[in-house]
Amino acid sequence: MISFKRACDMTIALSSFLAIGMVFFPQWTISVLGVDIQSTGEFVTRRMGLLFLGLFVLMLCSRSLEDSAGRVAIARSVVASMSTLAVLGVIEFARGNAGLSIIYVAVLIEVVLTVAFFPYAKLFANKDVQG
């Protein structure tokens, strides 16, 4: 099992890359996924990049947290967002809205992060974590 700190470090690396790419190079970032981008897409991509900046700061500040309700909440949010992004990526590929690279570039990373944070989310713990 990967440590919580290592899972945060992986997310820090990914989110910083995505934040920079989406804010400053939105057309390139989205074209890597095989998606056509227009001015509206650039606008939305830049805004998404700033969300990744927030994820970067959250992971940077929480990577040394001991086992706590806060750490469980962070892990649950990463599992929820990354697993649903992975499912959406597969759906968009199947619908023809994204190229095959979305599977190799985005979905694979989202699945890895889901798996990395899953043990810390304590979704099936015997006693409920107080929050």
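**Close-up views of a five-helix chain**

Read along the sequence, this predicted model follows the pattern α-α-α-α-α.

**Figure 1. Overall architecture of the chain.** The chain holds 5 helices and 0 strands. Taken along the principal axes, its C-alpha atoms fill a box of roughly 45 × 30 × 25 Å. The radius of gyration is 16 Å, which agrees with the value near 14 Å for a compact globule of 131 residues. Of these 131 residues, 34% count as buried.

**Figure 2. Aromatic cluster of Phe4, Phe117 and Tyr120.** Ring pairs link Phe4, Phe117 and Tyr120 into a cluster, and the count of aromatic pairs comes to 2. The ring centres of Phe4 and Phe117 are 5.7 Å apart and the planes stand at 90°, so this pair is edge-to-face. Phe4 belongs to helix α1 and Phe117 to helix α5 (residues 101-121), so that the contact links distant parts of the chain, 113 residues apart. Both Phe4 and Phe117 are buried. The rings of Phe4 and Tyr120 are likewise edge-to-face, because their planes lie at 75° with the centres 5.5 Å apart. With Phe4 in helix α1 and Tyr120 in helix α5, this second pair ties together parts that are 116 residues apart in sequence. Tyr120 is buried, as is Phe4.

**Figure 3. Arg71 over the ring of Phe4.** The charged end of Arg71 sits over the Phe4 ring, 4.8 Å from the ring centre. Phe4 is also the residue whose ring pairs with those of Phe117 and Tyr120.

**Figure 4. Salt bridge between Asp9 and Arg63.** A search of the whole structure finds 4 salt bridges. In one of them, the side chains of Asp9 and Arg63 meet with an N to O distance of 2.7 Å. This pair links distant parts of the chain, 54 residues apart: Asp9 is in helix α1, and Arg63 is in the loop between α3 (39-62) and α4 (69-94). Asp9 counts as partly exposed at 23% relative accessibility, and Arg63 is partly exposed with a relative accessible area of 24%.

**Figure 5. Salt bridge between Arg46 and Glu42 within helix α3.** The two side chains meet at 3.4 Å, N to O. Arg46 and Glu42 are separated by about one helical turn, because they are 4 residues apart in helix α3. Glu42 is buried, with a relative accessible area of 18%, whereas Arg46 counts as partly exposed at 35%.

**Figure 6. Salt bridge between Lys122 and Asp67.** The closest N and O atoms of Lys122 and Asp67 are 2.7 Å apart. Lys122 lies in the segment after α5 and Asp67 in the loop between α3 and α4, so the pair ties together parts that are 55 residues apart in sequence. Both partners are partly exposed: the relative accessible area is 27% for Lys122 and 46% for Asp67.

**Figure 7. Nonpolar surface patch and a buried glycine of helix α1.** Phe17, Ile20, Phe24, Phe25 and Trp28 make a nonpolar surface patch of about 620 Å². Helix α1 (residues 4-24) gives the most to this patch, with 3 residues. Ile20, a patch residue in helix α1, is partly exposed with a relative accessible area of 48%. Gly21 also lies in helix α1 but counts as buried, at 9% relative accessibility. The C-alpha atoms of Gly21 and Gly49 are separated by 7.3 Å, although these residues are 28 residues apart along the chain.

Key:
Residues are numbered from 1 along each chain as its sequence is written. This is a predicted model: local features need pLDDT of at least 70, side-chain atom pairs count only at pLDDT 80 or more; totals for chains, interfaces and linings use all residues. Side-chain values use heavy atoms; hydrogens and water are left out. Patches are made of residues with over 30% relative accessible area and no salt bridge: like charges are joined within 9 Å, nonpolar side chains (Val, Leu, Ile, Met, Phe, Trp, Tyr) within 5 Å. Accessible areas come from the Shrake-Rupley method with a 1.4 Å probe; for residues, only the protein chains shown count as cover. Helices (H or I, at least four residues) and strands (E, at least two) are DSSP runs, numbered from the N terminus. Buried means under 20% relative accessible area, exposed over 50%, partly exposed in between (1.4 Å probe, protein chains only). Rings of Phe, Tyr and Trp (its six-membered ring) pair if their centres lie within 6.5 Å; planes under 30 degrees apart count as stacked, over 60 as edge-to-face and the rest as tilted. A charge sits over a ring if NZ of Lys or CZ of Arg is within 6 Å of the ring centre and within 35 degrees of the ring normal. The radius of gyration is taken over C-alpha atoms; the globule rule is 2.2 Å times the number of residues to the power 0.38.
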